[in-house]
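Here is a quick walk through one protein model, written for someone who wants to know where to look on the screen. Have the viewer open and follow along.

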Amino acid sequence: MPVDFSTGIFFVDCRGASFYAGFTIIQGDVMKALKAIASILAICSAVFFAHAAAAVELAGVKLDDSARVGNQDLKLNGAGIRTKLVFKVYVIGLYLSEKKTAVADVLAAPGARRVTITMLRDVGSEEFGKAFAAGIEHNTDAAERAALAASMAKFNAMFATAPELKQGDVLHLDWMSGSGMVVLLNGRKILEPIADAAFYNAILRIWLGARPVDDKLKRQLLGEQ
(Lines give C-alpha, C1' and ligand atoms only; values in the text may rest on other atoms or scores of the structure.)
Protein backbone atom coordinates (compact mmCIF):
# COMPACT_ATOMS: atom_id res chain seq x y z
CA MET A 1 0.00 0.00 0.00
CA PRO A 2 1.95 3.07 -1.18
CA VAL A 3 1.50 6.10 1.05
CA ASP A 4 2.76 9.61 0.45
CA PHE A 5 2.56 11.33 3.84
CA SER A 6 3.50 14.65 2.29
CA THR A 7 0.11 14.80 0.59
CA GLY A 8 -1.79 12.16 2.55
CA ILE A 9 -2.77 10.40 -0.70
CA PHE A 10 -2.83 6.62 -0.70
CA PHE A 11 -4.38 3.81 -2.72
CA VAL A 12 -5.26 0.26 -1.70
CA ASP A 13 -6.23 -2.66 -3.94
CA CYS A 14 -7.68 -5.48 -1.84
CA ARG A 15 -8.95 -8.65 -3.63
CA GLY A 16 -10.33 -6.66 -6.50
CA ALA A 17 -11.92 -4.01 -4.29
CA SER A 18 -10.10 -0.68 -4.73
CA PHE A 19 -10.10 2.14 -2.22
CA TYR A 20 -8.72 5.67 -2.51
CA ALA A 21 -8.38 8.40 0.02
CA GLY A 22 -6.76 11.78 -0.31
CA PHE A 23 -6.29 14.82 1.82
CA THR A 24 -3.56 17.32 2.56
CA ILE A 25 -1.75 16.82 5.83
CA ILE A 26 -1.09 19.93 7.74
CA GLN A 27 0.30 20.17 11.21
CA GLY A 28 -1.79 18.09 13.63
CA ASP A 29 -3.42 15.98 10.87
CA VAL A 30 -1.15 12.92 11.15
CA MET A 31 -3.68 11.13 13.37
CA LYS A 32 -6.37 11.74 10.76
CA ALA A 33 -4.21 9.99 8.16
CA LEU A 34 -3.54 7.03 10.44
CA LYS A 35 -7.25 6.66 11.22
CA ALA A 36 -8.06 6.69 7.50
CA ILE A 37 -5.49 3.97 6.87
CA ALA A 38 -6.93 1.88 9.72
CA SER A 39 -10.44 2.24 8.31
CA ILE A 40 -9.39 1.06 4.86
CA LEU A 41 -7.45 -1.88 6.29
CA ALA A 42 -10.61 -2.87 8.19
CA ILE A 43 -12.56 -2.81 4.93
CA CYS A 44 -9.90 -4.95 3.25
CA SER A 45 -10.08 -7.44 6.11
CA ALA A 46 -13.86 -7.70 5.76
CA VAL A 47 -13.55 -8.28 2.02
CA PHE A 48 -10.94 -10.99 2.57
CA PHE A 49 -12.88 -12.91 5.20
CA ALA A 50 -16.17 -12.63 3.29
CA HIS A 51 -14.40 -14.20 0.32
CA ALA A 52 -12.90 -16.94 2.47
CA ALA A 53 -16.29 -17.88 3.94
CA ALA A 54 -18.10 -17.97 0.62
CA ALA A 55 -19.68 -21.23 -0.47
CA VAL A 56 -17.94 -23.33 -3.13
CA GLU A 57 -19.72 -23.47 -6.50
CA LEU A 58 -19.13 -26.30 -8.98
CA ALA A 59 -21.10 -26.87 -12.17
CA GLY A 60 -23.73 -24.44 -10.88
CA VAL A 61 -24.07 -26.29 -7.56
CA LYS A 62 -23.33 -24.33 -4.40
CA LEU A 63 -21.84 -26.22 -1.48
CA ASP A 64 -22.04 -24.54 1.91
CA ASP A 65 -18.72 -24.15 3.67
CA SER A 66 -20.24 -25.72 6.78
CA ALA A 67 -22.94 -28.22 7.71
CA ARG A 68 -24.58 -29.39 10.92
CA VAL A 69 -24.87 -33.14 11.35
CA GLY A 70 -26.53 -34.28 14.53
CA ASN A 71 -25.33 -31.79 17.12
CA GLN A 72 -21.97 -31.17 15.49
CA ASP A 73 -20.80 -28.42 13.15
CA LEU A 74 -18.70 -29.65 10.24
CA LYS A 75 -16.54 -27.85 7.71
CA LEU A 76 -16.19 -28.51 3.99
CA ASN A 77 -12.93 -30.45 3.64
CA GLY A 78 -12.96 -30.62 -0.16
CA ALA A 79 -15.25 -30.93 -3.17
CA GLY A 80 -15.19 -31.94 -6.81
CA ILE A 81 -17.13 -33.26 -9.79
CA ARG A 82 -17.50 -36.94 -10.62
CA THR A 83 -17.25 -37.46 -14.34
CA LYS A 84 -17.73 -40.63 -16.33
CA LEU A 85 -16.36 -40.54 -19.86
CA VAL A 86 -17.27 -36.98 -20.88
CA PHE A 87 -20.39 -36.70 -18.72
CA LYS A 88 -20.62 -34.86 -15.41
CA VAL A 89 -22.53 -37.16 -13.07
CA TYR A 90 -22.56 -35.41 -9.69
CA VAL A 91 -20.93 -32.86 -7.43
CA ILE A 92 -19.58 -34.29 -4.19
CA GLY A 93 -18.40 -32.64 -0.98
CA LEU A 94 -16.77 -34.08 2.13
CA TYR A 95 -17.50 -32.50 5.52
CA LEU A 96 -15.42 -33.12 8.64
CA SER A 97 -15.08 -31.54 12.06
CA GLU A 98 -11.62 -30.29 11.14
CA LYS A 99 -9.40 -30.21 8.07
CA LYS A 100 -7.81 -33.53 7.07
CA THR A 101 -5.46 -34.13 4.16
CA ALA A 102 -4.52 -37.77 4.77
CA VAL A 103 -6.90 -40.64 4.04
CA ALA A 104 -6.03 -42.43 7.29
CA ASP A 105 -6.95 -39.31 9.26
CA VAL A 106 -10.29 -38.98 7.47
CA LEU A 107 -11.17 -42.61 8.19
CA ALA A 108 -10.16 -42.23 11.83
CA ALA A 109 -11.84 -38.85 12.34
CA PRO A 110 -13.97 -38.83 15.48
CA GLY A 111 -17.53 -37.55 15.61
CA ALA A 112 -19.83 -36.77 12.72
CA ARG A 113 -18.92 -36.88 9.04
CA ARG A 114 -20.86 -36.18 5.87
CA VAL A 115 -20.64 -36.91 2.17
CA THR A 116 -23.04 -34.81 0.13
CA ILE A 117 -23.83 -35.67 -3.49
CA THR A 118 -25.80 -33.41 -5.84
CA MET A 119 -26.86 -35.05 -9.08
CA LEU A 120 -25.99 -33.33 -12.36
CA ARG A 121 -27.95 -35.80 -14.49
CA ASP A 122 -30.66 -38.43 -14.11
CA VAL A 123 -29.34 -41.86 -13.09
CA GLY A 124 -31.34 -45.01 -12.37
CA SER A 125 -31.03 -46.05 -8.74
CA GLU A 126 -30.07 -49.59 -9.74
CA GLU A 127 -27.18 -48.24 -11.81
CA PHE A 128 -26.16 -45.92 -9.00
CA GLY A 129 -26.28 -48.77 -6.49
CA LYS A 130 -24.06 -50.91 -8.71
CA ALA A 131 -21.55 -48.06 -8.90
CA PHE A 132 -21.39 -47.95 -5.09
CA ALA A 133 -20.96 -51.72 -4.91
CA ALA A 134 -18.17 -51.66 -7.51
CA GLY A 135 -16.38 -48.86 -5.68
CA ILE A 136 -16.49 -50.80 -2.42
CA GLU A 137 -15.32 -54.00 -4.10
CA HIS A 138 -12.33 -52.23 -5.66
CA ASN A 139 -11.18 -50.96 -2.27
CA THR A 140 -11.79 -53.90 0.06
CA ASP A 141 -10.59 -57.48 0.19
CA ALA A 142 -12.72 -60.63 0.38
CA ALA A 143 -12.53 -60.83 4.17
CA GLU A 144 -13.67 -57.21 4.57
CA ARG A 145 -16.55 -57.69 2.16
CA ALA A 146 -17.70 -60.77 4.07
CA ALA A 147 -17.71 -58.79 7.31
CA LEU A 148 -19.65 -55.95 5.64
CA ALA A 149 -22.19 -58.19 3.88
CA ALA A 150 -25.12 -57.49 6.23
CA SER A 151 -24.62 -53.72 6.10
CA MET A 152 -24.17 -53.85 2.33
CA ALA A 153 -27.46 -55.71 1.95
CA LYS A 154 -29.31 -52.97 3.89
CA PHE A 155 -27.60 -50.29 1.84
CA ASN A 156 -28.47 -51.98 -1.47
CA ALA A 157 -32.12 -52.35 -0.43
CA MET A 158 -32.26 -48.58 0.08
CA PHE A 159 -32.04 -47.92 -3.65
CA ALA A 160 -35.35 -49.71 -4.22
CA THR A 161 -37.09 -46.85 -2.37
CA ALA A 162 -36.09 -44.35 -5.09
CA PRO A 163 -36.36 -45.74 -8.64
CA GLU A 164 -34.34 -42.87 -10.06
CA LEU A 165 -32.05 -40.11 -8.90
CA LYS A 166 -32.88 -36.98 -10.84
CA GLN A 167 -30.81 -33.96 -11.75
CA GLY A 168 -30.74 -31.63 -8.74
CA ASP A 169 -31.41 -34.36 -6.17
CA VAL A 170 -29.24 -34.09 -3.06
CA LEU A 171 -28.05 -37.18 -1.24
CA HIS A 172 -26.45 -36.94 2.22
CA LEU A 173 -24.51 -39.89 3.57
CA ASP A 174 -24.02 -39.05 7.25
CA TRP A 175 -22.13 -40.71 10.04
CA MET A 176 -23.24 -39.80 13.56
CA SER A 177 -21.57 -41.13 16.67
CA GLY A 178 -23.98 -43.10 18.77
CA SER A 179 -26.41 -43.87 15.95
CA GLY A 180 -24.43 -44.78 12.84
CA MET A 181 -24.81 -44.13 9.13
CA VAL A 182 -27.96 -42.42 7.88
CA VAL A 183 -28.83 -41.49 4.28
CA LEU A 184 -31.07 -38.56 3.36
CA LEU A 185 -32.48 -37.89 -0.11
CA ASN A 186 -33.65 -34.29 -0.47
CA GLY A 187 -33.95 -34.11 3.32
CA ARG A 188 -35.96 -37.35 3.63
CA LYS A 189 -34.45 -40.29 5.47
CA ILE A 190 -34.26 -43.30 3.16
CA LEU A 191 -31.99 -45.50 5.27
CA GLU A 192 -32.39 -46.45 8.89
CA PRO A 193 -29.14 -46.12 10.86
CA ILE A 194 -26.46 -48.68 10.13
CA ALA A 195 -24.21 -48.79 13.19
CA ASP A 196 -21.15 -50.03 11.32
CA ALA A 197 -18.20 -47.63 11.20
CA ALA A 198 -16.23 -50.02 8.99
CA PHE A 199 -19.01 -49.90 6.40
CA TYR A 200 -19.11 -46.10 6.43
CA ASN A 201 -15.36 -46.05 5.90
CA ALA A 202 -15.80 -48.51 3.03
CA ILE A 203 -18.19 -45.98 1.48
CA LEU A 204 -15.60 -43.22 1.91
CA ARG A 205 -12.95 -45.38 0.28
CA ILE A 206 -14.98 -45.38 -2.94
CA TRP A 207 -13.51 -41.90 -3.44
CA LEU A 208 -10.53 -41.98 -1.06
CA GLY A 209 -9.26 -45.55 -1.27
CA ALA A 210 -6.22 -47.01 -3.02
CA ARG A 211 -8.34 -47.48 -6.17
CA PRO A 212 -10.67 -44.45 -6.11
CA VAL A 213 -13.24 -43.82 -8.80
CA ASP A 214 -11.20 -40.74 -9.81
CA ASP A 215 -7.67 -39.83 -8.67
CA LYS A 216 -8.23 -36.12 -9.24
CA LEU A 217 -11.47 -36.21 -7.27
CA LYS A 218 -9.66 -37.92 -4.40
CA ARG A 219 -7.14 -35.08 -4.25
CA GLN A 220 -9.93 -32.52 -4.37
CA LEU A 221 -11.84 -34.11 -1.47
CA LEU A 222 -8.64 -34.07 0.55
CA GLY A 223 -8.28 -30.39 -0.23
CA GLU A 224 -5.04 -30.87 -2.15
CA GLN A 225 -6.26 -28.95 -5.23
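## A word on helices and strands

Helices (H or I, at least four residues) and strands (E, at least two) are DSSP runs, numbered from the N terminus. With that in hand, alanine 109 can be placed in the loop between helix H2 (103–108) and E9. Keep in mind throughout that this is a predicted model.

Alanine 109 has a relative accessible area of 8%, so it counts as buried, the cut-off for that being under 20%. Its C-alpha atom is separated by 9.9 Å from that of lysine 99, and the two residues are 10 apart along the chain.

## Two loop residues with positive phi

Most residues other than glycine have a negative phi. Leucine 85 goes the other way: its phi is positive, about 60 degrees, although it is not a glycine. Look for leucine 85 in the loop between strand E7 (72–84) and strand E8 (87–96). Is leucine 85 buried or exposed? Its relative accessible area is 79%, so leucine 85 is exposed.

Asparagine 186 also isn't a glycine, yet has a positive phi, in this case about 55 degrees. Asparagine 186 is in a loop too, the one between strand E13 (180–185) and strand E14 (188–194). With 47% relative accessibility, asparagine 186 counts as partly exposed.

## A nonpolar patch on the surface

Back to leucine 85, which has another part to play. Together with Val86 and Phe87, Leu85 makes a nonpolar surface patch of about 380 Å². Leucine 85 sits in the loop between E7 and E8, and its 79% relative accessible area makes it exposed. Patch members need over 30% relative accessible area, so leucine 85, at 79%, clears that bar.

## The largest pocket

Now for the pocket. The largest one has a volume of about 360 Å³. Its lining has 18 residues, and those closest to the centre are Arg82, Lys84, Val89, Tyr90 and Ala131. Four elements give two or more residues each to that lining: E7, E8, helix H3 (125–138) and helix H6 (197–208).

Which element gives the most to the lining of the largest pocket? That is H3, with seven residues. As for chemistry, the lining divides into 11 nonpolar residues, two polar and five charged.

## Salt bridges

Side chains of opposite charge can pair when their charged atoms come close. A search of the whole structure turns up six salt bridges, and three of them are worth a look here. What joins aspartate 174 to arginine 114? A salt bridge does, with the closest N and O atoms 2.7 Å apart. Aspartate 174 lies in strand E12 (residues 170–176) and arginine 114 in strand E9 (residues 113–119), so this pair ties together parts that are 60 residues apart in sequence. Both ends are tucked away: aspartate 174 is buried at 3% relative accessibility, and arginine 114 is buried with a relative accessible area of 11%.

Lysine 100 pairs with glutamate 98, and here the closest N and O atoms are 3.0 Å apart. Lysine 100 is buried, at 15% relative accessible area, whereas glutamate 98 is partly exposed at 47%. Lysine 166 and glutamate 164 make another salt bridge, with their side chains meeting at 2.8 Å, N to O. In this pair, lysine 166 counts as partly exposed at 43% relative accessibility, and glutamate 164 counts as partly exposed at 34%.

## Some C-alpha distances

Two further residues help with finding your way around. Aspartate 122 lies in the loop between E9 and strand E10 (123–124) and, at 44% relative accessibility, counts as partly exposed. Aspartate 122 and tyrosine 90 are 32 residues apart along the chain, with their C-alpha atoms separated by 9.7 Å. Tyr90 is one of the residues closest to the centre of the largest pocket.

Arginine 219 is found in helix H7 (residues 215–221). With a relative accessible area of 34%, arginine 219 is partly exposed. How many residues apart in sequence are arginine 219 and alanine 102? They are 117 residues apart in sequence, and in space 9.8 Å, C-alpha to C-alpha.

Definitions and conventions
Residues numbered from 1 in each chain as written. Predicted model: local features only at pLDDT ≥ 70, side-chain atom pairs only at ≥ 80, totals over all residues. Heavy atoms only, no water. Buried < 20%, exposed > 50% of the residue type's maximum accessible area, 1.4 Å probe, protein only. 1 Å grid on protein atoms, 1.4 Å probe; cavity = no way out; pocket = protein on both sides within 12 Å on 5 of 7 lines; lining within 4 Å. Points joined across faces, edges and corners; volume = space filled by probe spheres on them. Nonpolar A, V, L, I, M, F, W, Y, C, P; charged D, E, K, R; others polar. Patch = residues over 30% accessible without salt bridge, like charges linked within 9 Å, V, L, I, M, F, W, Y side chains within 5 Å. Areas by Shrake-Rupley, 256 points an atom, 1.4 Å probe, with all protein chains shown as cover. Salt bridge = Lys/Arg side-chain N within 4 Å of Asp/Glu carboxyl O.
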